[in-house]
Amino acid sequence: MAVRAVSAGGMASLSRFKGALVGAVLGDCVGGEFEGAEEVPMENVLLHLNSLDDDTKGDGTLEYSDDTAMARCVVQSLLTRAGFDEQDMARRFAKEYSLAPGRGYGSGVIQVLKKLSSSQLSDVYQPARDQFNGRGSFGNGGAMRVAPFALAFPDLSDVKKYSRSGAMLTHSCSLGYNGAVLQALAVHLSLQGALELPAQFLGKLIAEMEEVEDEEAARNDARALKEAEKPFCERLYRIRDLMDRSKVSIEEVICELGNGIAALHSVPTAIFCVLHCLQPRESLPQRYGGLERTMAYSLALGGDTDTIACMAGAIAGAHYGIEVIPEAWMKCCEGAKEAEVTAQRLHALYHQGQGGASAAGRQGRQGGGGESEEPATGSGRGDLEEELKEQS
C-alpha cells in the first residue's frame with residue numbers, strides 16, 4: 001500500500017489542509033459501501049478497504065454522495081466570495097442539487113433546496129426554518145459539509161460563527177447547527193496540531209461547546225427533545241469516559257454515542273473514532289496508520305457510515321496530513337484529486353494576512369437561525385429517538 005513519506009508539517013500546513021479535504025471525500029466515498037447496515041463485521045470492512053489497492057480499478061470508481069457535493073459548494077462559495085456569503089452559498093446548494101439530484105439527498109433537504117432555487121426568495125434561511133412545521137432539522141447534513149469553514153477562517157470565533165450560519169441554511173434546529181459547529185471546531189483544532197494532546201483536545205472542545213450551547217434556543221430544543229441540557233457537551237463527556245476504559249466494544253460505542261443521521265448521534269461518534277484510533281488497535285492491521293485505522297473503525301460502526309467516515313476523515317486528515325493517505329485509495333474516490341487542488345486555494349485564503357477571509361466573511365449578510373430529514377424541536381411528544389422513528 002503506497003503512501004507518501006512526508007510529515008504533516010507544522011500548524012495549518014498545506015499538508016494538513018489537503019489531508020482534511022481529501023480525508024472527508026475518502027470517508028464519504030469509501031463509507032457508502034456500508035451505509036444503513038446494522039452490523040458490519042470488521043473482516044468485511046478490511047476486505048472492502050483491501051480491494052481499493054486493486055490496480056485494475058478505474059479512477060473514481062467510488063462515487064461521492066450529497067456529503068461531498070454540498071461540501072464542494074461550500075468550498076466554491078468561500079473561494080469565490082473570499083468569505084461567507086449566505087446568498088451565494090444557498091444558490092450553489094440549489095444549483096448543485098438541480099444538476100445532480102441522485103447523490104442521495106434526504107427528502108427533507110430536497111424541499112429546502114427546491115425553495116432555495118426560487119428567484120423570488122428574499123430570506124435564504126426561511127425554507128429551513130419552515131421545515132417540519134417550524135421545528136427545523138437536527139440532522140447531520142450541516143456537519144457533514146462544514147470542514148471547509150475551518151480551512152477558510154483562522155480565527156476560532158469566525159469558525160464558530162460561519163459554520164453555524166452555513167449549517168442554518170438547511171438545518172435550523174440547534175441540535176443540527178450546533179453539531180456543525182462542533183465538527184468545525186474539531187477540524188480547526190486538529191489543523192493546529194491539538195490532537196498531539198488528546199485529553200486537552202477533548203477538554204478544549206468541551207469548553208467551547210459549553211459556551212456554544214449556553215443559549216436559550218439550544219436549551220429549549222434540548223428540553224423539547226428530552227435531551228441533556230447541553231446535549232453535545234454531555235456526549236463529549238461520554239467520549240472522555242470511553243477513552244478512560246481499557247477496552248471498548250463496538251456495541252458500547254454505538255450505545256453511548258450512536259451511529260445515526262442525527263447530528264447528536266454522529267458528530268461525537270466521528271470525534272471518538274479519531275481519538276480511539278490515534279493508537280494501534282488489536283482488531284486492525286498493524287500496517288495501518290492512524291487515518292486508515294480511523295476509516296476502518298468508522299465503517300465497522302455501521303449506520304450512517306458515509307457521513308461518520310466523512311467527518312472523521314476530515315478531522316483525522318487535518319491531523320495526519322495528505323502524505324499518509326494511500327494513493328490507491330485516492331485514485332478510487334471520485335473528487336479526491338479535485339479536493340487536493342482546492343485545498344491549496346483554501347490554504348492561500350486562510351493565510352492571507354491570517355485574516356483575509358475573516359474580514360471578507362463579515363461583509364456577508366447574516367441570517368437567522370439542516371441534510372438529513374430529521375425534524376427538530378417542538379411537538380413535546382417525546383425524545384430524539386421518537387422523532388427519528390416518525391421520519392423513517
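Start by selecting N178, V181, L182, L185, A186, L189 and S190 in helix α10, then add F201, K204, L205, E208, M209 and V212 in α11: these two groups meet, where contact means heavy atoms within 4.5 Å. By type, the residues of this contact are nine nonpolar, two polar and two charged; Ala, Val, Leu, Ile, Met, Phe, Trp, Tyr, Cys and Pro count as nonpolar, Asp, Glu, Lys and Arg as charged, and the others, Gly among them, as polar.

A quick word on what you're looking at: this is a predicted model, where local features need pLDDT of at least 70, side-chain atom pairs count only at pLDDT 80 or more, and totals for chains, interfaces and linings use all residues. Residues are numbered from 1 along each chain as its sequence is written, and side-chain values use heavy atoms, with hydrogens and water left out.

Next, pick F232, which sits in helix α13 (residues 231-244); helices are DSSP runs (H or I, at least four residues), numbered from the N terminus. Is F232 buried or exposed? It's buried, at 0% relative accessibility (buried means under 20% relative accessible area, exposed over 50%, partly exposed in between, with a 1.4 Å probe and protein chains only). Leaving aside neighbours within four places in sequence, F232 touches residues including N178, L182 and M209. Now show V267: its C-alpha lies 8.8 Å from that of F232, though they are 35 residues apart in sequence.

Last stop: D304, in the loop between α16 (290-300) and α17 (305-320). D304 is buried too, with a relative accessible area of 6%. Beyond neighbours within four places in sequence, D304 is in contact with E35, N140, N259, G260 and I261.
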